[in-house]
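Here is a short tour of the charged side-chain pairs in this model. Please have the sequence and the 3D view at hand as you read.

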Amino acid sequence: YLKYLLFLMNWLSTSFVVLAILSFQDIIHRQFMKAGFQPIEIVLYGFIPSVIAAYIYVYWKSIKMTVPNKNYIVLFIFSGVLSFISFLLLREAQIKSPNIGYVNAIIYSSIIFTIVLTSIIFKDSFDWRGLVGALLIVTGIGLITSINHI
């Protein structure tokens, strides 16, 4: 049943599923923060179940892993270090914030740079509606950061 459900999901519906998962995860992490866990604890204690889930997924889907060449190994290491640092800083900002959603709005605005850069570098789709949406995101971030909770 799960395989069939995953087959039916296109990029948009998959994105909304991830939105729901990340929202739920943020609520769990906010509970950890309220309980006094530090950012490093939230990141590291969640790492072990993530690795176990990844191994189960690869085994369940019978995925044959591609061995990266030297150039890609360096990029994977760099990407992993960036992931760790960004996740750690994300949790730190969320702990300090008046509302976890404010932090999410700001950090997920990386979409603006992603839309523009991938359209230039990889020739991904770029439409005026995407540009208008990106400008609305910047406007929303301006509104969120103008809230005087500091």
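Let us begin in helix α4, where E92 and K96 both sit, 4 residues apart, or about one turn of the helix. In this predicted model, their side chains meet in a salt bridge, with 3.2 Å from N to O. E92 counts as partly exposed because its relative accessibility is 32%, while K96, at 64%, counts as exposed.

How many salt bridges does the structure hold? There are 3, and the table sets them side by side.

| Pair | Closest N and O atoms |
|---|---|
| R91 and D26 | 3.0 Å |
| E92 and K96 | 3.2 Å |
| D127 and R129 | 2.8 Å |

Side chains of opposite charge can pair when their charged atoms come close.

Now follow helix α4 (residues 70-96) to R91, whose partner D26 belongs to helix α2 (residues 11-34). With their positions 65 residues apart, this pair links distant parts of the chain. Are these two residues buried or exposed? R91 has a relative accessibility of 1%, so R91 counts as buried. D26 is also classed as buried, because its value of 8% falls under the 20% cut-off.

The remaining pair to visit is D127 with R129, joined by a salt bridge at 2.8 Å. Here D127 is partly exposed, with a relative accessible area of 27%. R129 has a relative accessible area of 55% and is therefore exposed, since exposed means over 50%.

Technical notes: Residues are numbered from 1 along each chain as its sequence is written. This is a predicted model: local features need pLDDT of at least 70, side-chain atom pairs count only at pLDDT 80 or more; totals for chains, interfaces and linings use all residues. Side-chain values use heavy atoms; hydrogens and water are left out. A salt bridge is a side-chain nitrogen of Lys or Arg within 4 Å of a carboxyl oxygen of Asp or Glu. Helices (H or I, at least four residues) and strands (E, at least two) are DSSP runs, numbered from the N terminus. Buried means under 20% relative accessible area, exposed over 50%, partly exposed in between (1.4 Å probe, protein chains only).
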